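Here's a quick tour of one protein model, from its surface to its core. Have the viewer open as you read.

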Amino acid sequence: MAPVATKKSKKNSSETINSRLALVMKSGKYLLGYKSTLKTLRQGKSKLIIVAGNCPPLRKSELEYYAMLSKTGVHHYTGNNIDLGTACGKYFRVGVLSIIDAGDSDIIAKPESA
């Protein structure tokens with residue numbers, strides 16, 4: 001019975017991150033992609049970065065390092081880059097996403113519960 005409950009809670013948490021991400025896409029400021037995310041991290045403008053599950057380990061560790069230096073939160077998205085692109089409302093793959101301004105969403109306040 002316990003694995004069913006964890007599976008449902010995992011799906012529920014992915015639904016919350018997707019709904020919060022949709023709200024950011026509608027009302028906030030964001031940048032998609034690796035190069036532009038690195039630029040925002042270097043400038044200190046980024047509030048939160050979201051990394052797809054199938055991002056290469058070297059790239060992921062580099063992003064985490066820059067995020068640690070700029071005191072920015074990192075959320076590891078459970079799905080792959082296709083799922084992250086779909087959650088952003090785009091018809092292309094998104095490996096990395098940098099949120100500059102969350103808008104009406106509370107995604108920055110609670111990324112771990114998302």
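Which helix does L69 lie in? L69 belongs to α3, residues 57–69, where helices are DSSP runs of H or I with at least four residues and strands are E runs of at least two, both numbered from the N terminus.

## Ground rules

This is a predicted model, where local features need pLDDT of at least 70, side-chain atom pairs count only at pLDDT 80 or more, and totals for chains, interfaces and linings use all residues. Residues are numbered from 1 along each chain as its sequence is written, and side-chain values use heavy atoms, leaving out hydrogens and water.

## Around L69 and the tyrosines

L69 is partly exposed (20% to 50% relative accessible area, between buried, under 20%, and exposed, over 50%; 1.4 Å probe, protein chains only), at 49%. Y65 is partly exposed too, with 47%, and Y66 has 24%.

A search of the whole structure turns up one aromatic pair (ring centres within 6.5 Å; under 30 degrees between planes is stacked, over 60 edge-to-face, the rest tilted). The rings of Y65 and Y66 have centres 6.3 Å apart and planes at 70°, so they pair edge-to-face.

## The core

The largest nonpolar core (buried Ala, Val, Leu, Ile, Met, Phe, Trp, Tyr and Cys joined through side-chain atoms within 4.5 Å) has 16 residues. Those with the most contacts inside the core are L21, I50, L84, L97, I99 and I107. At least two core residues each come from α1 (2–27), β2 (48–51), α4 (81–87) and β4 (96–101), and α1 gives the largest share, four residues.

Definitions and conventions. Rings of Phe, Tyr and Trp (its six-membered ring) pair if their centres lie within 6.5 Å; planes under 30 degrees apart count as stacked, over 60 as edge-to-face and the rest as tilted.
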